[in-house]
Amino acid sequence: MPLKKDDDLGTNADGGKNNEYCHFCFQDGKFIDEGITMEQKIDKLVDIGKSGLGMTEEQARDMANGIIPNLKRWKK
């Protein structure tokens with residue numbers, strides 16, 4: 001998710017905004033889907049892209065594969 005405005009940002013444990021993760025993924029200093037694998041997260045986002053954003057599966061998967069592995073959460 002693009003982090004273009006404050007409402008898009010997740011929140012830290014102290015209630016402050018988190019500039020790395022969106023509000024769908026990160027709230028109150030925790031990942032909402034703690035324990036999910038990167039592959040499961042990509043599949044979940046592909047479904048959201050298809051149903052909520054009208055993307056094809058290929059478009060959604062390309063976008064998710066281009067972003068998710070590069071987030072700090074998933075870097076090894």
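# A guided tour from hairpin to helices

Start by selecting residues 9-11 and 17-22: these are strands β1 and β2, which pair in the antiparallel sense over three bridges. Strands here are DSSP E runs of at least two residues, helices are H or I runs of at least four, and both are numbered from the N terminus. Two strands count as paired if DSSP finds at least two bridges between them. Before going on, note that this is a predicted model, in which local features need pLDDT of at least 70 and side-chain atom pairs count only at pLDDT 80 or more, while totals for chains, interfaces and linings use all residues. Residues are numbered from 1 along each chain as its sequence is written, and side-chain values use heavy atoms, with hydrogens and water left out.

**Stop 1: the hairpin**

Zoom in on Thr11, and you will find it opposite Lys17 of β2. The two strands form a hairpin with five residues between them. In that turn, pick Gly15, whose phi is positive at about 90°.

Now click on Asn18, which lies in strand β2. Is Asn18 buried or exposed? Its relative accessible area is 8%, so Asn18 is buried; the cut-offs are under 20% for buried, over 50% for exposed and in between for partly exposed, with a 1.4 Å probe and protein chains only. Show the contacts of Asn18 (heavy atoms within 4.5 Å): setting aside residues up to four places away in sequence, it touches Leu9, Gly10, Thr11, Asn12 and Phe26. A distance label from Asn18 to Gly29 should read 8.3 Å, C-alpha to C-alpha, for two residues 11 apart in sequence.

**Stop 2: the aromatic cluster**

Select Tyr21, Phe26 and Phe31, which ring pairs link into a cluster. Rings of Phe, Tyr and Trp (its six-membered ring) pair if their centres lie within 6.5 Å; planes under 30 degrees apart are stacked, over 60 edge-to-face, and the rest tilted. By this rule the count comes to three aromatic pairs. One of them joins Tyr21 and Phe26, a tilted pair at 5.6 Å centre to centre with 35° between the planes. Another is edge-to-face: the ring centres of Phe26 and Phe31 are 5.0 Å apart, with planes at 70°. Tyr21 and Phe26 are both buried, and Phe31 is buried too.

**Stop 3: a loop with an unusual phi**

Move to Asp28, in the loop between β3 (26-27) and β4 (30-31). What is the sign of the phi of Asp28? The angle is positive, about 55°, although Asp28 is not a glycine. For background, most residues other than glycine have a negative phi. Turn on the surface here: Asp28 has 54% relative accessibility and counts as exposed.

**Stop 4: helix α1**

Select residues 38-53. Helix α1 has 16 residues and reaches 21 Å from its first C-alpha to its last, close to the 22 Å expected at 1.5 Å a residue; the expected span is 1.5 Å times one less than the number of residues. Colour Lys41, Ile42, Val46 and Gly49, the residues to look at for burial: they are buried. They cover an arc of only 140° around the axis, which puts them on the same side of α1. That arc is taken from the directions from the helix axis to the C-beta atoms.

Rotate to the face turned away from this buried side, and you meet the exposed residues Ser51 and Gly52. Lys44, also in α1, is partly exposed at 39% relative accessibility. Not counting residues up to four places away in sequence, Lys44 touches Asp33 and Ile36. Just after the helix comes Gly54, with a positive phi near 70°.

**Stop 5: α2 and the core**

Add α2 (57-67), which is part of what covers the buried residues of α1. On the way, Thr56 sits in the loop between α1 and α2 and is partly exposed at 42% relative accessibility.

To finish, which residues make up the largest nonpolar core? Select Ile36, Ile42, Val46, Met55, Ala60, Ala64, Ile68 and Trp74, eight residues in all. Such a core is a set of buried Ala, Val, Leu, Ile, Met, Phe, Trp, Tyr and Cys residues joined through side-chain atoms within 4.5 Å. Helices α1 and α2 each supply at least two residues of this core. Centre the view on Ala60: leaving aside neighbours within four places in sequence, Ala60 is in contact with Val46, Gly49, Lys50 and Met55.
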